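Here is a short tour of one chain, with its overall layout taken up before a single residue. Please keep the sequence and the structure open beside the text.

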Amino acid sequence: MGSLKDDWKETGKDLGGAFKQLGKSIVKSGAVVVNKANDWAERDDAKEAARKEAEVEKAREEKAANTVICPNCGAEITDPEAVFCLKCGTKLAK
Ligand SMILES: [Zn+2]
């Protein structure tokens, strides 16, 4: 996007004289466009990060849903097919 900004700068130079101020404002608005483009890019990054975070959170919830806590020793049994506690052998309530 740097080239766009440079193009606007050149335009401002060519105008010169009475149009100098106008050229400056064009350069300024060009810079604003560049900044906005950067904002959009960052927003996409944030969206992507939020999406990944949601995926991790979903996986964590699914794991938690499959995790059984042993009523006797409090061990976390992550095997959804487990019938007995792997630590103390207590039968797990389903
Ligand atoms: Zn146990």
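The report below moves from confidence and layout to one residue in a strand.

This is a predicted model, so let us begin with confidence, for which the chain has a mean pLDDT of 82. In the chain, 84% of the residues reach 70 or more. Among its elements, the lowest mean pLDDT belongs to helix α1 and the highest to strand β2, as the table shows.

| Element | Residues | Mean pLDDT |
|---|---|---|
| helix α1 | residues 2-15 | 70 (lowest) |
| strand β2 | residues 76-77 | 92 (highest) |

As for the layout, the chain holds 2 helices and 2 strands. Read from the N terminus, they follow the order α-α-β-β. Of the 94 residues, 4% count as buried. If you look at contacts between residues at least 6 apart in sequence, 16% of them join residues at least 24 apart.

Now to a single residue. Ile-69 belongs to strand β1, which covers residues 68-69. Is Ile-69 buried or exposed? The answer lies in between: Ile-69 is partly exposed because 13 other C-beta atoms lie within 10 Å, whereas a buried residue would need 20 or more and an exposed one 12 or fewer.

Which residues does Ile-69 touch, leaving aside those up to four places away in sequence? They are Gly-74 and Glu-76. Leu-92 is another residue to find in the view: Ile-69 and Leu-92 are separated by 23 residues in sequence, and their C-alpha atoms are 8.2 Å apart in space.

Technical notes:
Residues numbered from 1 in each chain as written. Predicted model: local features only at pLDDT ≥ 70, side-chain atom pairs only at ≥ 80, totals over all residues. Helix = DSSP H or I, 4+ residues; strand = E, 2+ residues; numbered from the N terminus. Contact = placed C-beta atoms within 7 Å. pLDDT = per-residue confidence, 0-100.
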